[in-house]
Amino acid sequence: MNQDGNKPHLTIALAGNPNAGKTTLFNSLTGLNQKVANYPGVTVERKEGVWNIGDRSATLIDLPGLYSLDATSLDEEIARNVITGQVENVPKPDVIVSVVDATNLERNLYLSTQLLEYGVPVVIALTMIDVFEKRKHEIDIDKLSETLGVPVIAVNSKADRGKDELADTVVKIVGSAPKLPYELNGDSPDGDNSRIFARYGFISNAVQESVRHNDKIEHRVSERIDRILTHKVFGLAILVLILLTVFQAIFSWATLPMDLLESGFGALGDGVRTLLPEGILADLIVDGIIAGVGGVLVFLPQILLLFLFISILEDSGYMARAAFLLDKLMSRVGLHGKAFLPLMSSFACAIPGIMATRTIEDKRDRFATILIAPFMSCSARLPVYTLMIGAFFAGQTVLGFVSLGAILMLAMYALGISVALVVAYILKRTILKAPPPPFIMELPPYRMPSLRTVFQNMLTRAWLFVKRAGTVILAISIILWALMYFPRSSQPTVVTDQQTESANPESSQLRNSFAGKLGHTIEPVIRPLGFDWKIGVALIASFAAREVLVSTLSIIYNVGKDENEQSETLISAIRDAKDDNGNRVWTPLTALTLMVFFVLAMQCMSTIAIVRRETNSWGWTIFMVTYMTGLAYVAALITYQGGKMLGFE
Amino acid sequence: MTLADLEKGETRTVVSVRGQDAVTRRLMEMGVIPGVSIRMVKSAPFGDPVEINVRGYSLALRKSEAESVELARPRDNE
Amino acid sequence: MFDLQFLIVALLIAGAATYAAWTFMRKSRSFSKKSDCADDCGCSSKSKTPKAAH
């Protein structure tokens with residue numbers, strides 16, 4: 001990499017507090033030229049990009065957001081190892097860019113002082129300076145730089161302000177050794193604390209000399225917003241309202257693109273049918289691959305919307321408020337305050353959620369969180385919920401304007417959360433007994449979410465969803481199709497059923513296939529839940545991954561369909577499905593029962609794998625799968641039988 | 001009195017932070033050290049946790065943690 | 001009955017089965033301490049704090 005001898009490749013680390021604007025600066029410096037990986041052996045994300053500084057390029061390493069370098073947490077340990085050059089394949093940084101939020105100067109500078117102590121040249125990138133100045137504060141940047149003994153550059157990622165200056169400064173200070181402008185005395189009676197006092201003492205001094213607060217009131221805007229959003233009474237109501245709005249939007253906004261995708265896949269299937277000669281290959285492609293993969297891909301618009309809202313809530317600072325509002329509830333059941341974050345990310349997917357439990361120090365608290373994380377309704381359940389709601393509860397409203405679908409959706413999420421809390425309560429009082437753990441969390445000021453961050457997050461998630469559909473779901477679809485297609489009935493065209501064929505669109509093929517036999521075998525077990533053997537097949541398949549239910553149903557109703565039947569949407573196929581006696585297989589109650597089952601059951605190979613890895617124990621893993629699925633069965637049984645008793649269908 | 005007893009809207013100076021554990025340490029690293037003034041912003045719906053303003057930013061912590069922060073009596077304040 | 005269509009279908013099924021088995025093997029290997037991002041849902045971008053329990 002040493003192209004012209006005297007200008008070696010640089011390694012630069014970007015360090016800063018969470019919410020300091022580090023990600024925005026990183027994106028602005030590197031553009032799209034970045035890659036994300038993990039630090040060896042841990043699940044801490046490692047983000048790297050190429051930063052072109054004049055005529056030379058540098059590797060910019062984005063360290064995890066941190067408050068301190070004292071290695072009490074995994075993130076801090078990693079950051080320290082990077083700075084001291086102890087991480088495999090990561091050269092010791094030549095310069096550290098310390099990102100400092102001007103509106104929160106003292107606490108942000110704390111990390112900067114720690115960075116200085118490592119002897120690596122540091123330059124401070126001062127962000128949020130526009131917000132700071134809007135508050136009528138004045139900062140003497142030269143003075144600040146002088147007292148701190150390091151260069152300070154004001155940057156504004158949106159306006160590209162300070163980018164060049166930052167680059168020039170980095171090049172200038174390479175190889176210099178910063179002088180620590182204060183003394184650290186580890187032998188004082190305060191012990192380690194004396195270091196903290198020394199750093200803050202120095203910072204207070206520097207800030208006092210360089211900043212003039214013309215307006216004493218700080219962060220009052222956020223506090224004023226919080227007067228409503230974290231209000232003692234309205235706060236929780238607003239939280240529910242926000243979630244309800246999100247679900248309603250997911251439903252109504254996604255309808256059009258979903259319909260388009262659905263008819264697109266339908267047309268694709270018809271096209272393939274006309275292009276290919278009739279036969280087994282066309283059957284596989286249309287009934288297996290297009291029905292299975294397409295059936296799942298149809299839900300892409302909803303996945304995009306879900307992550308759009310999650311990113312906005314996270315980026316704006318509202319997530320932290322939600323944690324603040326719900327902490328009492330969490331500590332009541334004995335959960336760690338930090339458990340909120342993993343649980344929240346489990347709404348996207350339990351896997352990153354479970355990995356994020358590494359932030360919880362106590363093993364019992366951590367296991368309790370892992371064991372309940374999969375109860376949070378992840379995005380893979382969304383297709384299942386939507387399919388059921390779309391087929392049986394679409395277009396109905398409550399109070400005239402709230403759609404029943406959104407309420408049912410909220411109810412499913414609420415069911416998952418409630419069961420999780422009850423289970424946590426029981427676990428923390430029995431097998432995982434421990435005192436309630438601490439909770440210290442910054443409530444960042446409200447900010448307009450950055451469009452770029454939101455879209456990047458959305459696209460990453462969408463891509464993972466598509467990738468999954470193109471790999472795992474594709475493979476499972478082909479296998480399932482084969483299980484439904486073979487063995488071939490001896491007389492494939494003649495229906496040999498005893499029942500009247502007209503009321504029974506299912507061919508004997510499906511019934512006599514491998515999958516059909518399997519479905520019939522488990523039918524006695526699922527009959528009390530109101531499920532027939534076809535749902536049984538889909539249910540078994542969905543233990544690989546939840547959204548496979550949709551693919552399987554899609555394949556079942558395609559394979560089992562009469563030759564001359566029109567290609568129809570999955571929703572209408574489900575609505576019209578008849579059992580052997582000509583009765584409807586699906587009723588609204590069946591749909592609800594299935595949704596309840598999906599809220600609680602542990603149906604995800606990947607999650608099982610991660611739980612095994614994170615708990616390092618098959619015992620806990622099996623325990624989790626068993627109790628969750630048992631609970632799901634009981635809850636579904638209660639829903640169905642109770643619903644029938646109450647006269648629902 | 002401790003931080004847990006601070007009334008909404010009141011501002012006091014920290015005298016000491018008790019304890020030697022990681023929680024105390026984290027609290028101090030977040031800027032809650034002797035000499036700094038703290039304003040109680042509000043408490044969450046069920047009375048816990050509380051939101052304080054320290055060094056110009058908002059920090060949420062549980063009352064059990066707030067109890068380890070000893071505050072000055074009013075006249076000791078600057 | 002062993003025509004070209006059947007052959008292609010058989011290959012596709014075999015491929016799918018192999019892929020599924022391979023994925024499962026890879027996942028079971030990730031049962032060991034070696035860890036990387038989960039390929040299904042990505043890795044956590046939000047790990048905020050601390051020392052993993054021992």
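In helix α1 of chain B, the residues B:Arg26, B:Leu27, B:Met28 and B:Glu29 are buried; a residue counts as buried when 20 or more other C-beta atoms lie within 10 Å of its own, as exposed at 12 or fewer, and as partly exposed in between, with C-beta atoms placed from the backbone. Helices here are DSSP runs of H or I with at least four residues, strands are runs of E with at least two, and both are numbered from the N terminus. The model is a predicted one, where local features need pLDDT of at least 70, side-chain atom pairs count only at pLDDT 80 or more, and totals for chains, interfaces and linings use all residues. Residues are numbered from 1 along each chain as its sequence is written, while chains are lettered from A and ligands numbered from 1 in the order in which they are written.

What do the buried residues of α1(B) pack against? On the chain A side, they meet α3 (105-116), α7 (193-210) and β12; within chain B, they meet β1 (11-17) and α2 (63-66). Contact here means that the C-beta atoms of two residues, placed from the backbone, lie within 7 Å. Just after α1(B) comes B:Gly31, with a positive phi near 105 degrees.

Helix α1(B) also matters for the count at the interface with chain A. There, 27 residues of chain B are in contact with 31 residues of chain A. On the chain B side, α1 (22-29), β2 (37-43) and β4 (57-61) each supply at least two residues, and α1(B) has the largest share, with seven. By type, that side of chain B divides into 15 nonpolar, three polar and nine charged residues. Nonpolar covers Ala, Val, Leu, Ile, Met, Phe, Trp, Tyr, Cys and Pro, charged covers Asp, Glu, Lys and Arg, and the others, Gly among them, are polar.

The two chains also share a sheet. Its six strands form an open, antiparallel arrangement in the order β12(A)-β4(B)-β3(B)-β2(B)-β1(B)-β5(B); two strands pair if DSSP finds at least two bridges between them. Since β12 of chain A and β5 (69-71) of chain B stand at the edges with a single partner strand each, one side of each is left without a neighbour in the sheet. From one strand to the next, the twist averages 45 degrees. Packed on the sheet is helix α12 (residues 318-332) of chain A, which touches β12 of chain A along with β3 and β4 of chain B. The direction of α12 makes about 135 degrees with that of β12(A), where axes are lines fitted to C-alpha atoms, for helices over the stretch in contact, and angles run from 0 to 180 degrees between N-to-C directions.

Strand by strand, the sheet goes like this. Strand β12 (residues 440-443) of chain A runs antiparallel to β4(B), joined by four bridges, and A:Met441 has B:Ala60 as its bridge partner. Further along, β2(B) and β3 (residues 50-54) of chain B pair over five bridges, again in the antiparallel sense. In that pair, B:Met40 stands opposite B:Ile52, and B:Ile38 stands opposite B:Val54. The two strands form a hairpin with six residues between them, and B:Gly47 in the turn has a positive phi of about 85 degrees. Three bridges link β1(B) and β2(B), also antiparallel, with B:Thr11 opposite B:Arg39.

Chain A has 649 residues, of which 50% count as buried, and its secondary structure comes to 26 helices and twelve strands. Among its contacts with a separation of 6 or more, 72% join residues 24 or more positions apart. The largest nonpolar core holds 221 residues, and A:Leu14, A:Val123, A:Ala125, A:Leu126, A:Ile478 and A:Met595 touch the most other members. Such a core is a set of buried Ala, Val, Leu, Ile, Met, Phe, Trp, Tyr and Cys residues joined through C-beta atoms within 7 Å. Helix α18 (residues 451-485) of chain A gives the most to this core, with 17 residues. Leaving aside residues up to four places away in sequence, A:Val123 touches several others, including A:Val95, A:Pro151, A:Leu166 and A:Ile173.

Chain C comes to one helix and zero strands, and 26% of its 54 residues count as buried. Its mean pLDDT is 62, with 43% of residues reaching 70 or more; pLDDT is the predictor's confidence in each residue, from 0 to 100. Over residues 30-39 of chain C the pLDDT is below 50, and this stretch has 18 contacts beyond near neighbours in sequence. For the complex, the predictor gives an ipTM of 0.92 and a pTM of 0.77.
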